[in-house]
Amino acid sequence: MQHIIDRFVKYITIDTQSNPNNPAFPSTEKQWDLAKVLVDELKEIGLEDVTLDDNCYIMATLPSNVDFEVPTIGFIAHIDTSPDYTGTNVKPQFHPNYNGEDIVLNKEENIILSPSYFEDLLLYKGQTLITTDGTTLLGADDKAGIAEIVSAMEYLIEHPEIKHGKIRIGFTPDEEVGKGAHLFDVDAFGAEWAYTMDGSQVGELEYENFNAAGGKVTINGKIVHPGYAKGKMINSMSIASDFIKGLPSNEVPEQTTGYEGFFHLHSMNGEVEKTELQYIIRDHDMDLFEKRKKQFQEVADKLNKELGGNLIEVEIKDQYFNMREKIEPVMHIVDIAEEAMKQVGITPLIKAIRGGTDGSQLSYKGLPCPNIFAGGHNFHGRYEYVAAESLQLATDVIVNIAQLTAEKAK
Ligand SMILES: [Zn+2]
């Protein structure tokens with residue numbers, strides 16, 4: 001297991017934070033740093049057709065070792081880490097044989113990783129936990145996924161007695177800023193289906209995600225000297241507050257779970273003359289999603305009517321869709337992943353993602369792509385952690401998927 005730990009540590013100590021405000025590809029130059037290391041390593045372990053394109057996408061091939069037709073499958077992970085928290089100078093801490101008690105991440109700053117708050121920690125009692133030192137994120141999202149895929153390919157190369165078809169692997173930049181799938185060349189990848197290794201807890205297997213849209217509300221007011229404003233001033237911020245109240249107050253991220261959708265106001269910028277609200281609109285169910293978008297528009301229409309003018313403009317843009325529609329016709333790809341997990345004693349946890357993945361976009365580009373656990377918890381912040389045992393389990397699952405796909409094609 002030390003081998004995969006070392007590999008994981010090598011990746012997380014290279015800063016690859018992406019930047020949502022840079023339209024360039026990749027959004028940060030430093031993502032190349034890890035990409036180049038990976039290209040060398042993939043060649044070194046013996047993969048073929050290793051490519052790194054101009055946009056920082058890596059692809060590579062493990063050729064089939066059987067003489068019959070097996071569908072080509074793929075495994076995908078992302079190079080970047082979240083813009084939400086710094087990934088500079090990650091100093092991983094190791095907690096072998098974790099005893100289930102509080103972990104002091106940082107003594108000076110009194111940062112504690114506690115199972116009384118993060119109950120999931122207790123799942124890993126007795127295992128080797130890898131945490132941060134409280135000053136950065138860890139980057140298990142998604143360098144755990146990369147380490148697992150590379151380790152699985154290495155294992156398959158070293159164990160030719162395990163029979164498998166052609167396997168393609170892909171590492172993408174800028175997943176965390178929603179662009180990981182944008183320039184992914186599905187044709188060049190050439191797989192019939194793939195899996196992103198980008199989930200959290202051991203056992204997670206996901207093939208449903210939100211339907212997603214962004215909603216921008218612009219409210220135009222009128223500024224007048226406050227001393228002479230009666231009947232003249234229109235305060236766009238007051239109207240914004242009416243708009244906010246016009247949406248159901250309990251359908252927000254902090255009050256919903258499971259398959260419940262929401263409206264989420266994530267940014268508000270205003271002065272008397274003009275206020276801008278930025279929302280995201282989410283629902284797993286396509287009909288409910290369409291209803292939500294309609295409802296959003298109706299709140300504006302109603303207020304415009306009351307105010308007697310078109311003061312409120314609404315712009316709604318679809319962002320991504322639930323991959324379920326693309327996975328259901330090929331459910332055997334989920335079945336194989338489930339079976340691969342059961343083979344190593346994992347109970348699959350199938351649930352709907354309350355977000356999107358690269359896989360949802362890839363599924364709509366013609367590459368059905370469920371998401372499998374990579375093992376980490378508390379992504380995008382200082383409390384992120386992963387158990388070394390989880391890295392190993394995910395690696396085993398990849399190997400099993402490769403083997404099962406060949407067995408079923410016989
Ligand atoms: Zn991720």
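**Exercise 1. Classify how helix 5 and helix 6 are oriented in this predicted model.**

Solution. Start with the geometry: the axes of helix 5 (residues 236–246) and helix 6 (residues 286–307) come within 10 Å and cross at roughly 135°. Next, compare that angle with the cut-offs: over 145 degrees would count as roughly antiparallel, and 65 to 115 as roughly perpendicular. The crossing of roughly 135° fits neither range, so helix 5 and helix 6 are oblique to each other. As for handedness, their crossing is right-handed.

**Exercise 2. Find which residues of helix 5 and helix 6 meet, and sort them by character.**

Solution. On the helix 5 side, take Ile-239, Asp-242, Phe-243 and Gly-246. Their counterparts in helix 6 are Val-299, Ala-300, Leu-303 and Leu-307. Sorting the residues of this contact gives six nonpolar, one polar and one charged. With Gly counted as polar and Asp as charged, you can assign the last two classes to Gly-246 and Asp-242.

**Exercise 3. Trace the open sheet of eight strands and identify its edges.**

Solution. Write down the strand order, which is 1-2-8-3-9-16-10-15, with mixed pairing. Now read off the ends: strand 1 (48–52) and strand 15 (349–350) each have a single partner strand, so one side of each is left without a neighbour in the sheet. Then look inside the order, where strand 3 (residues 73–78) and strand 9 (residues 193–199) run parallel and are joined by four bridges. Within this pair, Ile-76 stands opposite Thr-196 of strand 9.

**Exercise 4. Place helix 2 and helix 3 relative to the sheet.**

Solution. Take helix 2 (residues 31–45) to begin with: it lies across strand 1, strand 2 (58–62) and strand 8 (167–172), at about 175° to strand 1. Helix 3 (residues 140–158) also packs on the sheet, where it touches strand 2, strand 3, strand 8 and strand 9. The direction of helix 3 makes about 145° with that of strand 3.

**Exercise 5. Locate the backbone features worth a check at Pro-26, Asp-142 and Cys-56.**

Solution. Work through the residues in turn.

- Pro-26 follows a cis peptide bond from Phe-25, with omega near -10°, and lies in the loop between helix 1 (2–12) and helix 2.
- Cys-56 has a positive phi of about 80° although it is not a glycine; its place is the loop between strand 1 and strand 2.
- Asp-142 is joined to Asp-141 by a cis peptide bond with omega near 10°, and Asp-142 sits in helix 3.

Technical notes: Residues numbered from 1 in each chain as written. Predicted model: local features only at pLDDT ≥ 70, side-chain atom pairs only at ≥ 80, totals over all residues. Axes fitted to C-alpha atoms, helices over the stretch in contact; angles between N-to-C directions. Parallel < 35°, antiparallel > 145°, perpendicular 65-115°, else oblique. Left-handed = near helix turned anticlockwise from the far one by under 90°. Contact = placed C-beta atoms within 7 Å. Pairing = 2+ DSSP bridges.
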